Amino acid sequence: MSKVLKKGNEAIAIAAVMGGCEAFFGYPITPQNEIPEFLSHYMNEKGLVFVQAESEIAAINMVYGASGAGARAMTSSSSPGIALKQEGISYIAGAELPCVIVNVMRGGPGLGGIQPSQADYNQITRGGGNGDYNVISYAPENLQETVDIVRESFDIADEYRNPVMIAVDGLIGQMMESVTFDHEIPHRGPFPKEYATRGRQQTNHIITSLDLDPKKLEEHNQKLHEKYQLICEKEQRYELIGMDKAEVVIVAYGTMARICRSTIQILQKEGVHVGLIRPITLWPYPIKAFEAIPTSATCLVCCELSMGQMIDDVKIANEGRLPIHFFGRSGGMIPDPEDIATFIREVKR
Amino acid sequence: MSSIVYQKSKGLTDRSLSYCPGCTHGIIHKLVAEVLDELGVLDHSIGIASVGCSVMSYFFFNCDMQQAAHGRACAVATGVKRVRPNDVVFTYQGDGDLASIGLNETIHAANRGENITVIFVNNAIYGMTGGQMAPTTLLGQKTTTSPMGRTLALHGAPIHISELMATISLATYVERVSTHNPQHVKKAKASIKKAFQNQIDGKGFSIVEILSTCPVNWGMTPVNALKWMEENMVKVFPLGCFRDGPL
């Protein structure tokens with residue numbers, strides 16, 4: 001396996017191509033611009049589709065069209081751009097089309113800032129769009145994990161005919177890290193996509209999210225719900241770190257989890273055992289991970305690069321068993337491992 | 001001996017149309033369907049239904065269809081056409097969808113020279129939602145959101161889509177037609193056919209604006225609606241070809 005040094009966004013673009021991306025539609029927004037910049041020349045060279053859309057909204061609707069026509073379609077954006085795409089994401093979920101969306105998160109609300117943030121948790125997991133739908137969402141911790149998930153994401157989207165979002169904070173998008181592309185990743189499929197509008201056969205193909213008959217629409221919602229339950233059973237992903245004898249268990253994802261690894265080492269040297277639950281899927285939320293909390297644990301510490309959004313899911317998963325403390329920074333401020341160690345020392349007291 | 005002199009186009013399914021009595025959407029559906037059949041492209045056509053009265057056109061056109069979010073038909077069509085360049089891709093949109101919420105998508109699809117056909121049905125009102133003011137509503141026209149009639153001071157003027165599209169260098173074919181009498185229906189069909197033939201020939205973006213009635217929301221009988229369209233709409237929206245060929 002050969003390691004190369006790559007900027008996060010460029011590595012994401014390469015991984016998307018390796019994952020089988022056939023059509024990319026995007027709109028410029030910081031801090032994700034290297035993704036469309038890379039793909040603009042690569043896709044054209046390979047005879048694949050790249051369109052710089054007139055807006056975030058147009059881009060996601062182009063994804064809808066291309067995916068409905070059977071292509072592996074993708075868009076990327078950052079937080080305020082994802083907000084604009086939510087209508088289209090709802091339509092894609094409603095019409096049961098696969099697609100991949102990369103969200104390189106920045107601070108908010110509104111135009112916010114361009115520094116790393118995890119303040120999109122609610123708009124990723126609760127959906128900014130209308131209706132009962134869910135987006136399969138991954139929040140990798142480093143570039144290698146990001147690349148591997150992006151490569152796998154097109155298969156996952158196809159398997160469930162559902163949007164998949166890979167949410168990384170701006171740090172992962174902008175930082176250069178060593179990464180490998182040549183190892184095998186799990187494959188699913190094949191997916192014949194008989195629903196796609198590729199010219200009619202025996203019957204016409206119709207891609208739609210509309211049903212004016214309440215009974216039929218409820219049946220559609222029940223069908224979607226069953227699919228989401230299946231995803232909840234099969235697709236929860238997480239990592240458990242240092243859970244044996246843990247007195248305190250941190251719950252953190254993405255860059256925040258990476259910082260917390262250092263915090264754990266700092267406290268280990270002081271004889272304090274701290275564990276970490278690291279959600280890799282944000283939806284489905286890895287509730288199963290919380291079954292591994294040892295009896296030695298006296299509290300949970302939820303750490304986020306936001307003012308506290310995932311904490312709601314931590315509370316649901318915890319089911320009132322342990323007290324929960326919250327540590328968060330926002331606006332693009334990145335805490336030092338020592339800051340979190342100090343916080344944990346205080347809550348232990 | 002008897003012979004068939006007229007029958008329903010193969011380009012239409014057997015579903016009953018959802019349009020109100022006297023509405024000219026039915027005529028326009030027929031024209032598009034006949035053109036697709038006559039050009040022999042039904043088996044590899046993909047239509048994009050929009051939001052509005054024609055939202056369920058995916059049940060009526062006898063080809064593959066995708067239903068788009070409000071105003072996004074030209075973006076969805078772009079996505080389809082880019083991955084299926086050899087298929088015939090068209091949108092079917094009303095004035096609220098195309099000229100208001102979806103104007104950006106329409107202009108930019110034309111400006112990129114997307115090789116698609118846009119069927120733009122202009123009836124100067126929001127029909128599906130119950131008769132609200134549209135960007136194409138005439139001055140003085142009463143709607144549920146301009147109950148005293150549209151005024152320049154309060155609402156601005158009706159927008160002229162064909163004239164606007166004709167300024168875009170890669171909008172290769174722009175024509176406005178009407179459906180107020182059989183002669184103009186025939187002209188409309190010729191225009192629709194040309195717009196599809198252009199796509200088959202790889203000539204790029206074509207848009208046909210078709211003036212259409214809304215008897216229910218205009219508060220008129222179907223016959224009076226046709227007369228009102230001829231006497232009022234055609235004056236504000238002059239018929240004719242605004243562009244034929246690249247600028």
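**A friendly note on chain B and its contact with chain A**

1. Let's start with overall size. Chain B has 247 residues, and a compact globule of that length would have a radius of gyration near 18 Å; the 17 Å found for chain B agrees with this. Please keep in mind that this is a predicted model. Along the principal axes, the C-alpha atoms of chain B fill a box of roughly 50 × 50 × 30 Å.

2. Next, the make-up of the chain. Chain B contains 9 helices and 7 strands. Of its 247 residues, 56% are buried. If you take the contacts in chain B between residues at least 6 apart in sequence, 67% of them join residues at least 24 apart.

3. The sheet deserves a careful look, as it draws on both chains. It is an open sheet of 8 strands with mixed pairing, and the order is S9(A)-S2(B)-S1(B)-S3(B)-S4(B)-S6(B)-S5(B)-S7(B). At the edges stand S9 (206-207) of chain A and S7 (240-244) of chain B; each has a single partner strand, so one side of each is left without a neighbour in the sheet.

4. Two helices can be placed against this sheet. Helix H1 (residues 25-38) of chain B packs on it, touching S1, S3 (88-94), S4 (117-122) and S6 (205-211) of chain B. The direction of H1 makes about 165° with that of S4(B). Helix H2 (residues 73-83) of chain B lies across S1, S2, S3 and S4 of chain B and runs at about 175° to S3(B).

5. Now for strand S2 and its partners. Within chain B, S1 (residues 45-49) and S2 (residues 64-67) pair in the parallel sense over 4 bridges; one example to look up is Ala49(B), whose bridge partner in S2(B) is Gln67(B). S2(B) also pairs with S9(A), in the parallel sense over 2 bridges. Here the bridge partner of Ile207(A) is Gln66(B).

6. Finally, the contact between the chains. On this side, 27 residues of chain B are in contact with 34 residues of chain A. The elements of chain B that give two or more residues to the side touching chain A are S2, H2 and helix H4 (103-111). H2(B) gives the most, with 8 residues. By type, the residues on that side of chain B divide into 12 nonpolar, 8 polar and 7 charged.

Key
Residues are numbered from 1 along each chain as its sequence is written. Chains are lettered from A and ligands numbered from 1 in the order in which they are written. This is a predicted model: local features need pLDDT of at least 70, side-chain atom pairs count only at pLDDT 80 or more; totals for chains, interfaces and linings use all residues. Two strands pair if DSSP finds at least two bridges between them. Two residues are in contact if their C-beta atoms, placed from the backbone, lie within 7 Å. Axes are lines fitted to C-alpha atoms, for helices over the stretch in contact, and angles run from 0 to 180 degrees between N-to-C directions. The radius of gyration is taken over C-alpha atoms; the globule rule is 2.2 Å times the number of residues to the power 0.38. A residue is buried if 20 or more other C-beta atoms lie within 10 Å of its own, exposed if 12 or fewer, and partly exposed in between; C-beta atoms are placed from the backbone. Ala, Val, Leu, Ile, Met, Phe, Trp, Tyr, Cys and Pro count as nonpolar, Asp, Glu, Lys and Arg as charged, and the others, Gly among them, as polar.
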